[in-house]
Amino acid sequence: MKGLPRAATARCGWIAENRCVHLINADLHSHSNVSDGTLLPEDIAARAHAQGVALWALTDHDEIGGIQRARQAAHSLGMDYLTGTEISVSFAGETVHIVGLGFDDNDTQLRAGLAATRAGRLQRAERMADGLAKVGIAGAFEGALRYVGNPDLISRTHFARFLVDAGVCPDTHSVFRRYLTPGHPGYVQHEWARLGDAVRWVTQAGGVAVIAHPARYRFSPTAEYALFTEFIAHGGRAVEVMTGSHSHGEQVKYAETAREFGLLASRGSDFHSPEESRVELGSLPDLPGTLQPVWEALQHRIERAPAAAAA
Ligand code: AMP
Ligand code: MN
Ligand code: MN
Ligand code: MN
């Protein structure tokens, strides 16, 4: 998806190096094979750079094990870097994702919180496989494990890839629809981190917490209002407006929500794989000029590429 001509969409605030803050090509949501993406952190960095991304964050699920490699790759390509992760949270009976950006990746509490959030995944995967075995799909646990890049981080996506390659479904979306969502045989209810804990891990490590892809949750207006107000009460400061999983109408809706709640706005493709992702790295429309980009508030946390490496 290509946006309008870049200069047409934004009203500039100016930052370092005389760059208009809205026009920086920032992609602050992407996955490597350290979680459920298919590419190495270095390959995502190279692809982001080739797509014109100037400020990048790798945001693997519940995991920051790819950060050092991602940062090095970004800097060797001349890309500015923000630390990132995407934390799984249980809120009002739904799984919500909180992206953390610009934190200190050595922070002990953040690292312990992420480890605790990852901890139940293996057992959950075994139970998912049990559910699938009951409907005649044998060996799904071992099958999914073959797709895993990080044994600590087995996800539904790895099951989906296994079931597509095994010929059970034509694509990962149909696997989710038929097997891996509530009410279907491979779905297992799971208790993730608490909203307040996830927001605190990020903010106390110096970062900003962001509500990821808000249109994806099946909340009533009341529950959605509760999510935003509780998130803010815990110290959350931003929401994804431009994400690979928002339609144009949803971009407009959540731009309005960001204004209403006084939240910073983020932009990220949620890229997982060249075969599965609809939206390419760095290709979403710019944020509207009326919103404050989250990276403007994270200036002091951006890890700048060494000048010699700048493209
Ligand atoms: P998990 O954290 O193991 O529950 O897996 C969640 C991941 O599954 C998300 O981050 C997406 O990458 C993927 N996912 C969720 N729903 C769908 C869907 N309908 N189609 C394709 N991938 C999905
Ligand atoms: Mn994912
Ligand atoms: Mn997500
Ligand atoms: Mn994601």
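Are His-97 and His-213 buried or exposed? His-97 is buried, and so is His-213. Buried means under 20% relative accessible area, exposed means over 50%, and partly exposed lies in between, with a 1.4 Å probe and protein chains only.

This is a predicted model, in which local features need pLDDT of at least 70 and side-chain atom pairs count only at pLDDT 80 or more, while totals for chains, interfaces and linings use all residues. Residues are numbered from 1 along each chain as its sequence is written, chains are lettered from A and ligands numbered from 1 in the order in which they are written, and side-chain values use heavy atoms, with hydrogens and water left out.

## The whole chain

The protein chain has 12 helices and 11 strands. Helices (H or I, at least four residues) and strands (E, at least two) are DSSP runs, numbered from the N terminus. Along its principal axes, the C-alpha trace spans about 60 × 45 × 40 Å. For 311 residues, a compact globule would have a radius of gyration near 19 Å, and the protein chain agrees with its 19 Å. That radius is taken over C-alpha atoms, and the globule rule is 2.2 Å times the number of residues to the power 0.38.

Buried residues make up 56% of the 311 residues. The accessible surface comes to about 13,000 Å², and 52% of it belongs to carbon and sulfur atoms. Accessible areas come from the Shrake-Rupley method with a 1.4 Å probe; for residues, only the protein chains shown count as cover. Of the contacts with a separation of 6 or more, 72% are between residues 24 or more positions apart. Contact means heavy atoms within 4.5 Å.

## The sheet of 6 strands

One open sheet has 6 strands in the order β8-β6-β7-β9-β10-β11, with mixed pairing. Two strands pair if DSSP finds at least two bridges between them. The edge strands are β8 (193–194) and β11, and each pairs on one side only.

Strand β6 (residues 84–91) and β7 are antiparallel, with 8 bridges. Here Glu-86 stands opposite Val-99 in β7. In a regular strand the side chains alternate between the two faces of the sheet.

Further along, β9 (residues 208–211) and β10 run parallel, joined by 2 bridges. Ile-211 has Val-239 in β10 as its bridge partner. Between β9 and β10 the chain passes through helix α10 (residues 221–233), and this β-α-β crossover is right-handed. That term means that, with the strands pointing away from the viewer, the path from the first strand over the helix to the second runs clockwise.

β10 and β11 (residues 264–268) are also parallel, with 5 bridges. Val-239 has Ala-265 in β11 as its bridge partner. From β10 the chain crosses through helix α11 (residues 248–261) to β11, again in a right-handed β-α-β crossover. Why is strand β10 largely enclosed by the rest of the structure? Because 6 of the 6 residues of β10 (residues 238–243) are buried.

## The sheet of 3 strands

Another open sheet has 3 strands in the order β3-β4-β5, with parallel pairing. β3 and β5 (80–81) stand at the edges with a single partner strand each, so one side of each is left without a neighbour in the sheet. β4 and β5 share 2 bridges. Trp-56 has Tyr-81 in β5 as its bridge partner.

## Two manganese ions

Donors are N, O and S atoms within 2.8 Å of the metal (3.2 Å for Na, K and Ca); water is not among the atoms, so sites may look incomplete.

| Ion | Protein donors | Distance | Spacing |
|---|---|---|---|
| Manganese ion (ligand 2) | Asp-36 (OD), His-61 (NE2), His-272 (NE2) | 2.2 Å | D-x24-H-x210-H |
| Manganese ion (ligand 3) | Glu-86 (OE), His-97 (ND1), His-213 (NE2) | 2.1 to 2.2 Å | E-x10-H-x115-H |

The two ions are separated by 5.5 Å. At ligand 3, His-97 lies in strand β7 (residues 94–101) and His-213 in the loop between β9 and α10, so this pair links distant parts of the chain, 116 residues apart.

At ligand 2, Asp-36 is in the loop between β3 (26–27) and α2 (41–50). His-61 is in the loop between β4 (55–56) and α3 (67–77), 25 residues from Asp-36. Asp-36 is buried, with a relative accessible area of 4%. His-61 is buried as well, at 7%.

Asp-36 also has a link to helix α7 (residues 156–165), the place of Thr-157. Leaving aside neighbours within four places in sequence, Thr-157 is in contact with Asp-36, Phe-176 and Glu-276. Thr-157 is buried, with a relative accessible area of 12%.
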